[in-house]
Amino acid sequence: MIERAVLFAAGRGTRLGALTAATPKPLLEVAGKPIIVHALDGLAAAGVREVVVVTGYLGEQLEAELGNGEACGMRLTFVRQDEPDGTARALLLARDALRDEPFAWAWGDVLVRPANYRAVIRAAALADGALAVNEVDDPSQGAAVYIDGGVVRRIVEKPAPGTSATRWNNAGLGVLGAGIWEHAEALSPSERGEHELPRAIAAWVAGGARLRAVPVEGPWSDIGTPASLEAARATFARRGA
């Protein structure tokens, strides 16, 4: 049973322009509630009871809005990422709370149906971890995930457009184990100047970790632009998510 999770919610969301000038991206509403609450509801339904939320930009708003987690049926704690140096560094900030046990993780700006959190956690039971994946035309905006026999074999973060031989993309949620810590700590900055969690996961896989690949069921939305926000609102309202 996975009882702990970390949600990454520190980003500025610059491509959303004025929409995030006074509101952190995870608090933008879709289908009647903040984006991050959809993730919390999914984790709670999957049995997670403790969540570390990594905040940064306008973090005080997130902390005030979410409180101690009682409304979601869980306990929330917060750590602040003052320097935007990447999701692997954000993960390391949460290490003490997560302990050296398997834990769930998710981007705070990704929307999926709640059942996907349960599916990922179940899949991790017979492996070192699990990674949700979604099919796209070209995974160059995320991370290309190469799969064989339902197992993740390789991950390439932000490959050059048109170079991937897979259409599977890192969907932004999964389960990791204690083996990830050494790779997160050893990670050097990417050419984008960030310590990126998918690259740490890729190193873990290359070192022999066995991660189950779990295709997302239903719609998947990565909220990054005003257009993607409006599309998510239309999709999730229509589907009653």
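For the residue classes used here, Ala, Val, Leu, Ile, Met, Phe, Trp, Tyr, Cys and Pro go down as nonpolar, Asp, Glu, Lys and Arg as charged, and the rest, Gly included, as polar. Keep in mind that the model is predicted.

**Exercise 1.** Work out how the lining of the second largest pocket divides into nonpolar, polar and charged residues.

*Solution.*
- Start with the space: the volume of the second largest pocket is about 160 Å³.
- Next, pick out who sits around it: 13 residues line the second largest pocket, and Met1, Ile2, Ile121, Arg122 and Ala125 are the closest to its centre.
- Then sort the lining by class, and you get 9 nonpolar, 1 polar and 3 charged residues.
- As for where they come from, helix H5 (residues 115-123) gives the largest share, 3 residues.

**Exercise 2.** Now do the largest pocket: find which residues lie nearest its centre, and which elements each supply at least two residues of its lining.

*Solution.*
- The largest pocket holds about 1400 Å³ of space.
- Its lining runs to 46 residues, with Arg15, Lys25, Asp109, Lys158 and Glu194 nearest the centre.
- Elements that each put in at least two lining residues are S1, helix H3 (87-93), strand S11 (168-176) and strand S13 (220-222).
- Split by class, this lining comes out as 15 nonpolar, 17 polar and 14 charged.

**Exercise 3.** Decide whether Ala9 and Asn68 are buried, partly exposed or exposed.

*Solution.*
- Place Ala9 to begin with: it belongs to strand S1 (residues 4-9).
- Its relative accessible area is 3%, and the cut-off for buried is under 20%, so Ala9 is buried.
- Leaving out residues up to four places away in sequence, Ala9 touches Pro26, Ile36, Val53, Val54, Thr55, Gly56 and Leu62.
- Over to Asn68, in the loop between helix H2 (59-66) and strand S5 (75-80).
- Asn68 has 48% relative accessibility; exposed would need over 50%, so Asn68 is partly exposed.
- With the same sequence neighbours (up to four places away) left out, Asn68 touches Met74, Arg75 and Leu76.

**Exercise 4.** Track down the ring cluster, and the charge that lies over the face of Tyr146.

*Solution.*
- Count the aromatic pairs: there are 4.
- Follow the ring pairs and you'll find Phe8, Trp105 and Trp107 linked into a cluster.
- For Tyr146, the residue over the ring face is Arg154, 4.2 Å from the ring centre. That passes the distance cut-off, within 6 Å.

Notes: Residues numbered from 1 in each chain as written. Predicted model: local features only at pLDDT ≥ 70, side-chain atom pairs only at ≥ 80, totals over all residues. Heavy atoms only, no water. Helix = DSSP H or I, 4+ residues; strand = E, 2+ residues; numbered from the N terminus. Buried < 20%, exposed > 50% of the residue type's maximum accessible area, 1.4 Å probe, protein only. Contact = heavy atoms within 4.5 Å. 1 Å grid on protein atoms, 1.4 Å probe; cavity = no way out; pocket = protein on both sides within 12 Å on 5 of 7 lines; lining within 4 Å. Points joined across faces, edges and corners; volume = space filled by probe spheres on them. Phe/Tyr/Trp six-rings, centres within 6.5 Å; stacked < 30°, edge-to-face > 60°. Lys NZ or Arg CZ within 6 Å of the ring centre and 35° of its normal.
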